[in-house]
Amino acid sequence: YYDANRESILEDFSCKIKKGERVGLIGATGSGKSTLVDIILGLLAPRAGGMYVDNKIILERNYRSWQKHISHVPQNIFLADTTISENIAFGVPTTDIDYKLVHECARKAQIAETIDSWPFKYNTIVGERGIRLSGGQKQRIGIARALYKKTDIIIFDEATSALDDKTELKVINSIFNLDENITILIIAHRLSTLKKCTQVIELVGGRVLQSGTYKEIVGKT
């Protein structure tokens, strides 16, 4: 992929991700991680080469249908000034919300116990952009939101960066215990977060420096 100034961002890049894999992505700022995620999300189109899903190339005519299979959990979560339930089931009309699923997703995101301790529980209003919640609470709501969508692929883009070590471990364990048919891509700021990944890819300067199991990558660093 190249930007508007023809500067190389990703070059000679190739990787294969199998259904159900847990893939970790590491690399310094500017290594191409964000560009790769944007390509996977269908937000950027490669200028050369392409992205293939089940041997079918993703193009402008079909990227919308591809996006329906993906949930993205960014580092900074947008929350609407409404209830916890409505933020987890984001975009779903109130009358159509599956509250049992909301509670289940909150539990998997390690936020249910906190919500249950609040007077209004899942009816708690979060305030504009979630101002009434801590950074860690907002990130866990974002994770619960991704789980609620029940997509085939979930991308966690440094989604646990605001969590303390103990809570992050619980959330990561929950992530890796999700349905084995869900493909997971994790961009992490701590290498230890990726211990249970089936594949770890390290990017440097828009190229794959190395890829392999966590033990193989850690053993080389």
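## Overall architecture

Of the 221 residues of the chain, 46% are classed as buried, that is, under 20% relative accessible area, where exposed means over 50% and partly exposed lies in between (1.4 Å probe, protein chains only). This is a predicted model, in which local features need pLDDT of at least 70 and side-chain atom pairs count only at pLDDT 80 or more, while totals for chains, interfaces and linings use all residues. Residues are numbered from 1 along each chain as its sequence is written, and side-chain values use heavy atoms, with hydrogens and water left out.

The chain contains eight helices and eight strands, defined as DSSP runs (H or I, at least four residues, for helices; E, at least two, for strands) and numbered from the N terminus. The radius of gyration is 18 Å, close to the 17 Å that the globule rule gives for 221 residues, so the chain is as compact as a globular protein of that length; the radius is taken over C-alpha atoms, and the rule is 2.2 Å times the number of residues to the power 0.38. The C-alpha trace spans about 55 × 45 × 35 Å along its principal axes. Among contacts (heavy atoms within 4.5 Å) between residues at least 6 apart in sequence, 68% join residues at least 24 apart.

## The sheet

Six strands form an open sheet in the order β4-β5-β6-β1-β7-β8, with mixed pairing; two strands pair if DSSP finds at least two bridges between them. The edges are occupied by β4 (70-73) and β8, each with a single partner strand, so one side of each is left without a neighbour in the sheet. From one strand to the next, the twist averages 15°; axes are lines fitted to C-alpha atoms, for helices over the stretch in contact, and angles run from 0 to 180 degrees between N-to-C directions.

At one edge, β4 and β5 pair in the parallel sense over four bridges, and serine 71 has isoleucine 154 in β5 as its bridge partner. Strands β7 (residues 199-204) and β8 (residues 207-212) run antiparallel and are joined by five bridges, one partnership being that of leucine 203 with valine 208 in β8. The hairpin of β7 and β8 has two residues between the strands, and glycine 205 takes a positive phi near 60° there.

## Helices on the sheet

Helix α1 (residues 33-40) lies across β1 (22-26), β4, β5, β6 and β7, and runs at about 155° to β6. Helix α6 also packs on the sheet, where α6 touches β4 and β5 and makes about 180° with the direction of β4.

## Nonpolar cores

A nonpolar core is a set of buried Ala, Val, Leu, Ile, Met, Phe, Trp, Tyr and Cys residues joined through side-chain atoms within 4.5 Å. The largest has 44 residues, of which Ile84 and Phe156 touch the most other members. Elements giving two or more residues to this core include α3 (84-88), α6 (135-148), β5 (153-157) and α7 (165-176). The greatest contribution comes from α6, with six residues.

Leaving aside neighbours within four places in sequence, phenylalanine 156 contacts Val73, Ile143, Ile175, Ile184, Leu185, Ile186 and Ile187. Apart from the largest core lies another, of 18 residues, among them Val37, Ile70, Ile187 and Ile201.

## Threonine 183

Threonine 183 is located in strand β6 and is buried, with a relative accessible area of 12%. Its side chain reaches the backbone nitrogen of glycine 20 at 2.8 Å. Not counting residues up to four places away in sequence, threonine 183 touches Ile17, Lys18, Lys19, Gly20, Glu21, Asp152, Ile153 and Ile154.

Notes. Polar contact = N/O pair within 3.5 Å; in protein donor to acceptor, adjacent residues only side chain to side chain.
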